[in-house]
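Subject: Structure for you to look at

Hi,

Here is the structure I promised to pass on. Please open it next to this message and follow along as you read.

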Amino acid sequence: MQLAQKTTLNSLNPPAIAIEHLWAGYDRHPVLEDITLEVNPLDFIALNGPNGGGKTTLIKVLLGLLQPMQGEVRILGRSAKQGRRYIGYVPQTVECDRDFPIRVWDVVRMGRLAKRALLHPYNRQDDRIVAECLQQVDLFDRRDRPFGTLSGGQRQRVYVARALATQPHILLLDEPTASVDDGGRTKIYHLLQQLNQSVTILTISHDLEEIAPYVKTIGYLNRRLFYDPKPIQDPILPSVPDANIQERTEP
Ligand SMILES: Nc1ncnc2c1ncn2[C@@H]1O[C@H](COP(=O)(O)OP(=O)(O)OP(=O)(O)O)[C@@H](O)[C@H]1O
């Protein structure tokens with residue numbers, strides 16, 4: 001009886017992200033080994049790890065772009081493919097053509113594309129949501145500026161606004177502050193902290209010491225995941241096992 005009740009409650013309130021014994025990789029070589037992680041609503045988790053540790057691979061699995069070799073991933077109780085629509089994704093900064101004639105407004109409005117039937121025009125509701133998202137990232141007054149004329153930090157905030165325009169339950173960010181200057185980084189951390197009042201956040205970060213004061217929990221990913229779900233008391237980083245001494249194992 002108790003078990004049945006628990007099952008019902010869990011299916012009504014599933015974790016934002018549930019990863020169980022996940023193995024994933026390429027050409028049958030695992031890059032992620034036995035990852036288990038539960039991300040609960042309104043968590044704010046930063047994941048750090050060395051180059052090639054598997055951070056982007058984990059994001060690909062969460063977005064349903066890479067099939068697990070073993071294990072399971074659920075997004076709000078659904079498969080990764082079905083849960084994809086609940087995730088607002090902010091990719092790692094890619095160099096864009098700074099002369100490409102696209103306005104800030106149009107970049108953010110792209111976030112509405114998935115909500116439109118093919119070839120259907122944007123409507124007033126889209127415009128209202130785009131305006132709200134630009135206000136949230138404090139760039140509404142730059143809405144008509146060519147995207148390429150913004151600073152690195154401002155461009156990154158535009159990408160956050162584009163992700164918000166999908167009206168996500170979960171924000172997934174891949175190194176949102178890479179190639180952003182000090183002031184720009186602080187502004188992004190503050191922004192994420194504010195957004196975390198209503199959205200669950202999982203972010204990859206190279207600047208773990210810098211982001212630690214803003215997030216609730218941190219983890220370290222190097223093929224395996226080292227994660228302490230207890231909230232950080234002070235921003236001193238936990239010691240992590242020496243990643244290089246781990247043995248490689250096949251699933
Ligand atoms: N499409 C692919 N095909 C084969 N191997 C890949 C592919 N993508 C990534 N890898 C390999 O998987 C491993 C993990 O890569 P991944 O990009 O997930 O690491 P990362 O932690 O995001 O690294 P970085 O911090 O440098 O972005 C690396 O050894 C990489 O070479």
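Below is what I found, going from the ligand shell to the strands, the core and one loop residue.

Please keep in mind that this is a predicted model.

**The ligand and helix α2**

A good place to begin is the ligand. The residues around it are Tyr26, Val31, Gly49, Asn51, Gly52, Gly53, Gly54, Lys55, Thr56 and Thr57. By residue class, this shell divides into 2 nonpolar, 7 polar and 1 charged. Which element gives the most to the shell? That is α2, with 3 residues.

Helix α2 covers residues 55–62, and 6 of its 8 residues are buried, so the helix is largely enclosed by the rest of the structure. The buried ones are Lys55, Thr57, Leu58, Ile59, Val61 and Leu62. Lys55 and Thr57 are thus on two lists, being buried residues of α2 and also part of the ligand's surroundings. If you step just past the end of α2, you will come to Gly64, which takes a positive phi of about 75°.

**Strand β8 and its partners**

Next, have a look at strand β8, residues 200–204, which is mostly covered, with 5 of its 5 residues buried. In a regular strand, side chains alternate between the two faces of the sheet. In β8, Thr200, Leu202 and Ile204 point one way, while Ile201 and Thr203 point the other way, and all are buried.

β8 pairs in the parallel sense with strand β3 (residues 44–48) over 4 bridges, and here Phe44 stands opposite Ile201. Strand β7 (residues 170–174) also runs parallel to β8, joined to it by 5 bridges, with Leu173 opposite Thr203. To get from β7 to β8, the chain passes through helix α7 (residues 182–195), and this β-α-β crossover is right-handed.

**The antiparallel sheet**

There is also an open sheet of 4 strands, in the order β2-β1-β4-β5, with antiparallel pairing. β2 (29–39) and β5 (78–79) stand at the edges with a single partner strand each, so one side of each has no neighbour in the sheet. Between β1 (residues 17–26) and β2 there are 7 bridges, and the two run antiparallel. One pair to look for is Ile17, which stands opposite Val39 in β2.

**The core**

The largest nonpolar core holds 61 residues, and those with the most contacts inside it are Leu62, Val108, Cys133, Ala161 and Leu171. Its largest share, 6 residues, comes from helix α6 (residues 152–164). Leu62 will be familiar as one of the buried residues of α2. What does Ala161 touch, leaving aside residues up to four places away in sequence? Its contacts are Val108, Cys133, Leu134, Gln136, Val137 and Leu139.

**A loop residue**

Last comes Arg145, which you will find in the loop between α5 (124–136) and α6. Is Arg145 buried or partly exposed? It has 15 C-beta neighbours inside 10 Å, so it counts as partly exposed. Not counting residues up to four places away in sequence, Arg145 touches Arg103, Val104 and Leu150. As for His120, it is 25 residues from Arg145 in sequence and 25 Å away in space, C-alpha to C-alpha.

Happy viewing, and do write back with any questions.

Best wishes

Key. Residues numbered from 1 in each chain as written. Predicted model: local features only at pLDDT ≥ 70, side-chain atom pairs only at ≥ 80, totals over all residues. Buried ≥ 20, exposed ≤ 12 C-beta atoms within 10 Å, placed from the backbone. Near = placed C-beta within 6 Å. Nonpolar A, V, L, I, M, F, W, Y, C, P; charged D, E, K, R; others polar. Pairing = 2+ DSSP bridges. Right-handed = clockwise from strand over helix to strand, strands pointing away. Core = buried A, V, L, I, M, F, W, Y, C linked by C-beta atoms within 7 Å. Contact = placed C-beta atoms within 7 Å.
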